[in-house]
Structure formats: structure tokens, C-alpha cells
There are 2 protein chains.
Amino acid sequence: MPAANAQEDATADGGQDSLPATAQRLLTGAIACFASKGYQASTTRDICNEADLSAGALYVYFESKEHLLFELVQRAHRDVLVALEALAPAEPGAEADLLVAQIRTLTHWHVDNHLRARVAQTELPNLRGDHLAAVRRQRTSIEALLRSTVVAGCESGVFRCADPQLFVRATLSLCIDVIRWYNPGGHYGADDLARSNVDILHTYLQHAGQ
Amino acid sequence: MPAANAQEDATADGGQDSLPATAQRLLTGAIACFASKGYQASTTRDICNEADLSAGALYVYFESKEHLLFELVQRAHRDVLVALEALAPAEPGAEADLLVAQIRTLTHWHVDNHLRARVAQTELPNLRGDHLAAVRRQRTSIEALLRSTVVAGCESGVFRCADPQLFVRATLSLCIDVIRWYNPGGHYGADDLARSNVDILHTYLQHAGQ
DNA sequence: GTCTATAAGTTGATAGAC
DNA sequence: GTCTATCAACTTATAGAC
């Protein structure tokens, strides 16, 4: 995982990309705007202002306000996928370690990038049809990664699970929904939330149907 | 629970209120608009149109577009609270029955009213300061109801739970997040989702820390 | 109570100076 | 590449006819 600012991250990239510095500033400004007022209520002027640019400059780097949103949402999902794929694959019979790592990674990523994550989750319906379809494919990949861990664990006998599909959705619900609760100045930190999610989900897989 | 339409509910009220029929129609139209396009992207003309009224008629019944949203969100939360308060209180030592009923009620309500629920959850940040504060109080009441069940169960020894506060948040995450997954024509019904949520959450309370 | 007309302001996006 | 100026369209909310 990148050394993300645990207090509040408003950067547009995990640090592994090639986008003009000004475009990055626009993405960062857009995250701040969208997170506080929502996509529709944020004007292109607001975004340019946040990036210390004037009204028309946005259109040098992005075809439209919607293209900017797509870039932002698409990169957030890509970064989650990259973080999950960086985890060591599971030895047969040791799927619990991988699943715990996946839950921890997901929770930490969403807490550490809670502004980007909130925008990426909340403003999804504002994407154009083909852009939405592209992000849906990324989301399907993330779901598939988790499901294969759960299914493998069930087959090797270390997990019990009535319905892996519903369990994976519950996992994503818990790990993503922290962006709605999480408050950087609050009582709970990323570790607390990750531990809670691991406890609840892993306990189920150990004791389901008993 | 009221006999809600399990396919798709777009009515504005649980059936227990005193609002002019035209105002109800406006609320119902607003739910359809907000659910499909979002609050900011829905114009007052869209809403009036959906209610078979002309441009200015909205302002006879609501001070502003934001007041209409508040009415809608506030009523959704009130109905959830009413449904939870209708459950029989727990005998000491039998808190599991109440918690299971609460989880089932929450999941079913959000599935049966998934359009209203989606609007009430998603468009919350568009409320004015004082209106948002009022809804936050309702949400605190819902959280407190669940927490008292969990805490009572821990004290009577039928539950184990490392942190009731985090567990209640996880419960709400799971029961509410179904509005993002749920598809009326899809493979899973309200009963499936409720059973899955009960399984995951109750299994944890029975086996936590073992 | 519902309608049409309109006010007053804002929007996304473009054109052309520098 | 960035700026300012501007377009055409659309927004919420109000006023006054019926």
C-alpha cells in the first residue's frame, strides 16, 4: 500500500501515473468539490477555482465535466484492484490469511482515501452509459477476486459459507461503507475498523451453519 | 409491517399520515425523479411533471425543493423507527430473538421501499443544516435502539461482542446497503437478503472472540 | 388550486486575446 | 496553456390570470 496520508487524502492518484501536473491538480480540486457538494452541485468554475485556474482551463485537459468524473472514478477503482492484486496468493488450506489480508486492504484503502472513495462510490450514477459500463467491469473484477478466495476456502474445507456471492457483497458493504462513518478526527482509526470487519466476517466463515 | 409492494415501491408514505393528496403525488413524483437522476439533477419542473402538475404548483405545498426533500427523508426515517418500535421487547436472556427481528425488519423495509430508501440515504447531504440535524437525531435513535439490544444481550450473557458500537454500525451497513445491490427482477429476494444478514451478524454475536 | 409568463441568476462549454 | 468574454440554455422561485 502507498504511504497515504491517514488524516485526509485528496490526491487524485496513487502516485503511479502519467498525467500532466495541471490535470492532477484539477482532479484533486474536483475530489474536494464533489466530496463536499456532490457532482451536480459542483460547477466547472468551482473545480477550476479549487485548482487555482480560471473558468475555461478545465477543457484543455478534459473533454467535459463528465469525462473528468470518469477519470477520477476509474482511477480509484483501478487503485483498489492493484492493491488487492499485490497480495500474495493463498496456499491451499491457508485461504483465511488471504481473505483477512483482502478485508484489511479494502478497509484501509477506503479509510486512507475516504474522499476519493466517497466520490467514486456516490457519484457513480452520474457517469455516461459507456463510462459506467467500464467501471462496472472493474467492480466485477474486484468482486470476482474476493469470491475466488471464499470459494477456494470452502473447497479446501477451512470456510463454511451458505452463499459465497451474498457473503462477498456483505464484505464489500462493510469495507466500503466505512467511508460514510469514518471521521478523521473521531474515536476510531483505520486499524479499529479493519479489525472489526475482519472479526465479523471471518467469524462467520469459521462458524456458519453451526 | 405494512403490505408494501415487493416489486417496487414509490409511494411517499407508509399509509399513516395526513398530507393533501396532491402533496403526496408530488412526494411520489419526487422519489421517482431523485432515485433516477439525483436531487440536484432533478428540476422542480421534472417533479411537477411526474405528478401531472404544471411548473409552479409545487410551491403551493412546499416552501422549496429542499423542503420537499426534507419531508421525504424525514418520513422515511420515521417509518423505519416506527417499524422497529413495533417489535416486542426482549425478555432478559432472549435478546437474540429481538435482534434477529430487528435485522429482518431493517432489511425487509429497505428492500420493500428501496426507492425511498435510496433517496433517503443518498441525498442526505443536500439537506439544509437544521433539516440535516433533525434527520441525524432520527438516525441516532435508530442506532440507539439496536445498541440497547446488543448491550442487553452482552450483559445477560447470550451475546459476545468486542465493540457494540462498531457492531451496530456494521449491522446498519449491511441492512441498508442492500438498496445498492437489490434488483427487483434479480435472483435474490428480500427473504434471502434478510437471512444472509441475520446469519452473518448473529453468528458473530454467538462466537466472537473464540 | 392550478395555470402561464416571467424575473433574475447560473450553468457547461466555446472563441479569441495574450 | 492560460486568460477573459460570451453564448445559449436552463434553473428556482414569484406574480397574476382564471
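These legends describe close-up views of a predicted model.

**View 1. The protein surface around DNA strand D.**
Sixteen residues surround DNA strand D; S54(A), Y61(A), T43(B), R45(B) and Y59(B) come nearest. Of the strand D atoms within 4 Å of the protein, 71% belong to sugar and phosphate. Both chains contribute secondary structure here: α3 (58-61) of chain A and α2 (44-50) of chain B each supply at least two residues of this surface. By class, the surface has five nonpolar, eight polar and three charged residues.

**View 2. Polar contacts to DNA strand D.**
R45(A) addresses a base: a polar side-chain atom lies 3.4 Å from a base oxygen of DNA strand D. Chain B places backbone atoms by the phosphates. A backbone N or O atom of S42(B) lies 3.4 Å from a phosphate oxygen. For T44(B), a polar backbone atom is 3.1 Å from a phosphate oxygen.

**View 3. The annotated HTH tetR-type domain of chain A.**
An unreviewed UniProt entry lists residues 20-80 of chain A as "domain: HTH tetR-type". In the model, this span is 72% helix and 0% strand. Its end C-alpha atoms lie 22 Å apart.

**View 4. Salt bridges of helix α8.**
D177(A), R180(A), D177(B) and R180(B) are linked in a network of salt bridges. Within chain B, R180(B) pairs with D177(B), the closest N and O atoms being 2.6 Å apart. Both residues lie in helix α8 of chain B, three residues apart, about one turn of the helix. D177(B) also forms a salt bridge with R180(A), with closest N and O atoms 3.8 Å apart. That pair crosses between chains, from helix α8 of chain B to helix α8 (residues 164-181) of chain A. D177(B) counts as buried, at 3% relative accessibility. Its arginine partners are partly exposed: R180(A) at 39% and R180(B) at 40%.

**View 5. Q165(B) and its contacts.**
Q165(B) lies in helix α8 (residues 164-181) of chain B. Its relative accessible area is 18%, so Q165(B) is buried, the limit being under 20%. Leaving aside residues up to four places away in sequence, Q165(B) touches Y188(A), E143(B) and R147(B).

**View 6. A salt bridge in helix α9 of chain B.**
The side chains of D192(B) and R195(B) meet in a salt bridge, 3.7 Å from N to O. The two residues are separated by about one helical turn because they sit three residues apart in helix α9 (residues 190-207). D192(B) is partly exposed at 27% relative accessibility. R195(B), at 47%, is also partly exposed. Over all chains, the count comes to 20 salt bridges.

Technical notes: Residues are numbered from 1 along each chain as its sequence is written. Chains are lettered from A and ligands numbered from 1 in the order in which they are written. This is a predicted model: local features need pLDDT of at least 70, side-chain atom pairs count only at pLDDT 80 or more; totals for chains, interfaces and linings use all residues. Side-chain values use heavy atoms; hydrogens and water are left out. A residue is near a molecule or strand if one of its heavy atoms lies within 4 Å of it. A polar contact is a pair of N or O atoms within 3.5 Å; within protein, one must be able to donate a hydrogen and the other to accept it, and residues adjacent in sequence count only if both atoms are side-chain atoms. Helices (H or I, at least four residues) and strands (E, at least two) are DSSP runs, numbered from the N terminus. Ala, Val, Leu, Ile, Met, Phe, Trp, Tyr, Cys and Pro count as nonpolar, Asp, Glu, Lys and Arg as charged, and the others, Gly among them, as polar. Buried means under 20% relative accessible area, exposed over 50%, partly exposed in between (1.4 Å probe, protein chains only). Contact means heavy atoms within 4.5 Å. UniProt positions are given in the numbering used here, feature names are shortened, and annotations may be inferred rather than shown by experiment. A salt bridge is a side-chain nitrogen of Lys or Arg within 4 Å of a carboxyl oxygen of Asp or Glu.
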